[in-house]
Amino acid sequence: QVQLVESGGGLVQAGGSLRLSCAASGRTFSSYVMGWFRQAPGKEREFLALISGSGGYTRYTDSVKGRFTFSRDNAKNTLYLQMNNLKPEDTALYYCAAGGRFTTNQDQYDYWGQGTQVTVSS
């Protein structure tokens, strides 16, 4: 069982930066593949990025490549999503999730946080 709690969201102007965190409970945190997803109003939840258990492998969706960086600190059971050059279209509720497979398919993730809101003003 893994419990996930996101934080770090807020209101930022276009071009600004935010760093999201996701704190995880459980002693087997490093065994999980972790993902970030987001859901904008009126849209389906979409994949953003994932990271392997060791942190050595990452994958990003094209719209955030070069702007977002996903990392993890297994000693602290914490994930980080550094978001730079934010755009109004990045406005959404951001979720972290834990799963057992290195996949972008959100149906393969077993545990989800409650989300943190990111709002980017133009």
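This is a short tour of a predicted model, stop by stop, with selections to make in the viewer.

**Stop 1: the largest nonpolar core**

Start inside. Select Met 34, Trp 36, Phe 70, Leu 81, Met 83 and Tyr 94. Within the largest nonpolar core, which has 29 residues, these six touch the most other members. Now colour the strands. Those that give two or more residues to this core are S3 (18-24), S4 (33-39), S5 (46-51), S7 (68-73), S8 (78-83), S9 (92-99) and S11 (116-121).

Centre on Met 34. Leaving aside neighbours within four places in sequence, Met 34 is in contact with Leu 4, Phe 29, Ala 49, Leu 50, Ile 51, Phe 70, Arg 72, Leu 79, Ala 97, Ala 98 and Tyr 109. Show these as sticks and keep Met 34 in the middle of the view.

**Stop 2: the second core and Phe 47**

Next, select Val 33, Phe 37, Phe 47 and Leu 50. They are among the six residues of a second, separate core.

Stay on Phe 47, which sits in strand S5. Is Phe 47 buried or exposed? Its relative accessibility is 12%, so Phe 47 counts as buried. Beyond its neighbours within four places in sequence, Phe 47 is in contact with Trp 36, Phe 37, Arg 59, Tyr 60, Thr 61 and Thr 104. Then draw a C-alpha to C-alpha distance from Phe 47 to Asn 105. The two are 58 residues apart in sequence and 7.6 Å apart in space.

**Stop 3: Arg 45**

Step back along the chain to Arg 45, in the loop between S4 and S5. With a relative accessible area of 27%, Arg 45 is partly exposed. Select its contacts, again leaving aside neighbours within four places in sequence: Phe 37, Arg 38, Gln 39, Tyr 95, Gln 106 and Trp 112. For a longer line, join the C-alpha atoms of Arg 45 and Asp 110. They lie 15 Å apart in space and 65 residues apart in sequence.

**Stop 4: the salt bridges**

Arg 38, one of the contacts of Arg 45, leads to the next stop. How many salt bridges does the structure hold? There are four.

Take Arg 38 with Glu 46. They form a salt bridge, and the closest N and O atoms are 2.6 Å apart. Compare the accessibility of the two partners. Arg 38 counts as buried because its relative accessibility is 5%. Glu 46 stands at 34%, so it counts as partly exposed.

Move to Asp 90 and Arg 67. Their side chains meet in a salt bridge at 2.8 Å, N to O. This pair links distant parts of the chain: Asp 90 is in the loop between S8 and S9, while Arg 67 is in the loop between strand S6 (58-60) and S7, 23 residues apart. Asp 90 counts as buried at 1% relative accessibility. Arg 67 counts as buried too, at 9%.

Now show Arg 38, Glu 46, Arg 67 and Asp 90 together. A network of salt bridges links these four residues.

One more pair is worth a selection. Lys 65 forms a salt bridge with Asp 62, with the closest N and O atoms 3.1 Å apart. Asp 62 is exposed, with a relative accessible area of 62%.

**Stop 5: the largest pocket**

Keep the network on screen and turn on a pocket surface. The largest pocket encloses about 170 Å³ of space. Which residues come closest to its centre? Among the 13 that line the pocket, they are Arg 38, Lys 43, Glu 46, Glu 89 and Asp 90. Colour the lining by class: eight residues are charged, three nonpolar and two polar.

**Stop 6: Ser 21 and Val 5**

Finish with two residues in contact with each other. Select Ser 21, in strand S3. At 16% relative accessibility, Ser 21 counts as buried. Apart from neighbours within four places in sequence, Ser 21 is in contact with Val 5, Glu 6, Ser 7, Trp 36, Thr 78, Leu 79 and Tyr 80.

Cross to Val 5, in strand S1 (residues 4-7). Is Val 5 buried or exposed? Val 5 counts as exposed, at 54% relative accessibility. Ser 21, Cys 22 and Ala 23 are its contacts once neighbours within four places in sequence are set aside. As a last step, draw the C-alpha to C-alpha line from Val 5 to Thr 116. These residues are 111 apart in sequence and 8.7 Å apart in space.

How values were computed:
Residues numbered from 1 in each chain as written. Predicted model: local features only at pLDDT ≥ 70, side-chain atom pairs only at ≥ 80, totals over all residues. Heavy atoms only, no water. 1 Å grid on protein atoms, 1.4 Å probe; cavity = no way out; pocket = protein on both sides within 12 Å on 5 of 7 lines; lining within 4 Å. Points joined across faces, edges and corners; volume = space filled by probe spheres on them. Nonpolar A, V, L, I, M, F, W, Y, C, P; charged D, E, K, R; others polar. Core = buried A, V, L, I, M, F, W, Y, C linked by side-chain atoms within 4.5 Å. Buried < 20%, exposed > 50% of the residue type's maximum accessible area, 1.4 Å probe, protein only. Helix = DSSP H or I, 4+ residues; strand = E, 2+ residues; numbered from the N terminus. Contact = heavy atoms within 4.5 Å.
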